[in-house]
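Please load the model in a viewer and keep the selection panel at hand. The stops below are meant to be visited in order.

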Amino acid sequence: MLIVGAGPTGLALACVLARRGATLRIIDKVPEYFMGSRGKGLQPRSLEVLEDLGAIDRILANGRFHLPFRGYDGATVLGDHDMHADRFPTPDVPYASPLIIPQWRVEQILRERLAEYGGRVELSTELIGFEQNGDGVTATLGRPDGTEQLAADYMAGADGGRSFVRKQLGVGFEGETWTSERMLIGDVQVDGLDREHWHSWPKHAAGWVALCPLPSTDSFQLQAQIAADEPDEPTLERFQQIIDERTGRRDIRLHDATWLSLYRANVRMVDRYRVGRVFLAGDAAHVHSPAGGQGMNTGIQDAYNLGWKLGEVLAGASGELLDTYEEERLPIAAELLGITTKLHRAPFTGTLKEPRRGPETLQLGLNYRGRSLARDERDSPASVQAGDRAPDAPCHDAAGKPIRLFDLFRGPHFTLLGFGPDVAAAAITQRQGSSVHAYRIIRAEEATGNAIPGASIIDSAGHAYRAYDVAAGTLVLVRPDGYIGLISRLAGSVPEYLQHVSAGAYS
């Protein structure tokens, strides 16, 4: 497996595959790792992915929830506003709001996790050509010391908005570039502002400017809207000029810039995620307005979806499973492009009137309902359906130790939840193989005074039953990416479903 591009998307894909023991190489043409913030927020669903990959403690230690906007008109404070003020963890949603964290730090942590899985990024290694046939991909790699021919079963292009892989495949990248809508952006250190607020000046005639402190660093990310006829040279001097003019203050001083750039708004996406044995993911497949913080997160979700499917196919599952990557992810990208474009077009106030972001931006409600891998066999589906994200719930194991459903899901396996003490015993106790972990979910009153089987989980406070909205006797099969694949009351449906998606189940 060859992964081209070592940003968040490529690294997440590499981690998903490496923990399965897949042979892979991940390359990037740059000579050193990028150290700019670019994207600076992880949505709750991405945090759940990073928990599954074993990186969440490091991510949380280097980020911050609930950083409020502080709006100004010159030196006058207009007010403070946290657009996620009423969002806090619940039993089914452990991460309820975005985490502010610079993209380079996310990449650093993913590289560390990849190394723990035995992988590494090859820098100064560029894909300069490739060919494919029904058996694999032959890639030509260029390095300072020469070229190399590499044979791989599959290849993923996670090489950004200017993707070489996409261009070589001849896949179109339809959309718009809003040339008149530009923004200067960079990472700078700032004197004269506290680090407890996201400072914004929205009312200046020349455009808004904002300074966001980047957790676990000494820097702020500066964003400044600039008109089509304004100077766009991304220099520290130009950034300081904008701050002086638009804030009306002389005590705010910028220094020690580590990244300065000019951003032009692009909204584009592909019409195909796959050509033969080559896949596109992340910015190579879709580019967003930064409004709503969806770009990096959507790429991580692409990788998480593609990764488990590639892992199963590389281990022997049917190659038809890979067709579902485009089926599931392309509509999601289209939906999120619409959301970010709408947010981009909305006026930015930076004040107490800044609109609350809808739940769709958190990526928790995005689903694969109606797709070929979502099978709900109930006569009357409830609020949680096949294709939805599988909720978390705090429970206890048979020994009384606290355990979450997410603890059961963690890893590259499928998870079968049987609700009730007598539910489809054959489906849970028959030989499963390591690719499926099965558990009974038992209410507290059902466990009292009875012998508790070792594969049972006690729903002590009823959170699991409430979160899944199922009746006793129901089987719920959770995919390796934390989405519900099957809901049924028929034990025979489980092996039938698994034979189409898993290399090892019921073998």
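Begin by selecting helix α2, whose buried residues are Pro44, Arg45, Ser46, Leu47, Glu48, Val49, Leu50, Glu51 and Asp52. The helix is thus mostly covered, with 9 of its 9 residues buried. Please bear in mind that this is a predicted model. Just after α2, select Gly54, which has a positive phi, near 80 degrees.

Keep α2 displayed and turn to the enclosed space in the model. How many cavities of 30 Å³ or more does a search of the whole structure find? The search returns 2. The largest cavity holds about 140 Å³ of space. It is lined by 14 residues, and those closest to its centre are Glu48, Asp52, Tyr304, Phe406 and Phe409; select these five to centre the view. Two of the names, Glu48 and Asp52, also appear among the buried residues of α2.

Which elements each supply at least two residues of this lining? They are α2 (44-52) and α9 (405-409). The largest share, 5 residues, comes from α2. Colouring the lining of the largest cavity by class gives 5 nonpolar, 2 polar and 7 charged residues.

Next, move to the second largest cavity, which contains about 30 Å³ of space. To display its lining, select Val16, Arg19, Arg20, Tyr304, Trp308, Pro412, Pro480 and Asp481. By class, this lining has 5 nonpolar residues, no polar ones and 3 charged ones. Tyr304 is listed here and also among the residues closest to the centre of the largest cavity.

From this lining, retain Trp308 and proceed to the aromatic rings. The count of aromatic pairs comes to 11. Two of them are visited here.

For one pair, select Tyr154 and Phe279. Their arrangement is tilted, with 6.1 Å centre to centre and 50 degrees between the planes. Tyr154 belongs to the loop between β11 (146-152) and β12 (155-157), while Phe279 is in strand β19 (residues 278-280), so the contact ties together parts that are 125 residues apart in sequence. Are these residues buried or exposed? Both Tyr154 and Phe279 are buried.

For the other pair, add Phe414 to the retained Trp308. These two rings meet edge-to-face, at 5.6 Å centre to centre and 90 degrees between the planes. Because Trp308 lies in helix α7 (residues 295-314) and Phe414 in strand β24 (residues 414-419), the pair ties together parts that are 106 residues apart in sequence. Trp308 and Phe414 are also both buried.

Now return to Tyr154 and extend the selection to Tyr273, Phe279 and Tyr325, which together with Tyr154 form one aromatic cluster. Adding Arg277 shows a charged group at the ring of Tyr154: the charged end of Arg277 sits over that ring, 4.6 Å from its centre. A further example is found by selecting Arg166 and Phe173, where Arg166 lies over the face of Phe173 at 3.6 Å from the ring centre.

The last stop concerns cysteine. How many disulfides does a search of the whole structure find? The result is 0. Select Cys15, which is buried, with a relative accessible area of 0%. Then select Cys212, which is likewise buried, also with a relative accessible area of 0%.

How values were computed. Residues are numbered from 1 along each chain as its sequence is written. This is a predicted model: local features need pLDDT of at least 70, side-chain atom pairs count only at pLDDT 80 or more; totals for chains, interfaces and linings use all residues. Side-chain values use heavy atoms; hydrogens and water are left out. A disulfide is a pair of cysteine sulfur atoms within 2.5 Å. Buried means under 20% relative accessible area, exposed over 50%, partly exposed in between (1.4 Å probe, protein chains only). On a 1 Å grid over the protein atoms alone, a cavity is a set of points where a 1.4 Å probe fits but cannot get out, and a pocket is an open set with protein on both sides within 12 Å along at least five of seven lines; lining residues have an atom within 4 Å of a point. Grid points are joined across faces, edges and corners, and a volume is the space filled by probe spheres set on the points. Helices (H or I, at least four residues) and strands (E, at least two) are DSSP runs, numbered from the N terminus. Ala, Val, Leu, Ile, Met, Phe, Trp, Tyr, Cys and Pro count as nonpolar, Asp, Glu, Lys and Arg as charged, and the others, Gly among them, as polar. Rings of Phe, Tyr and Trp (its six-membered ring) pair if their centres lie within 6.5 Å; planes under 30 degrees apart count as stacked, over 60 as edge-to-face and the rest as tilted. A charge sits over a ring if NZ of Lys or CZ of Arg is within 6 Å of the ring centre and within 35 degrees of the ring normal.
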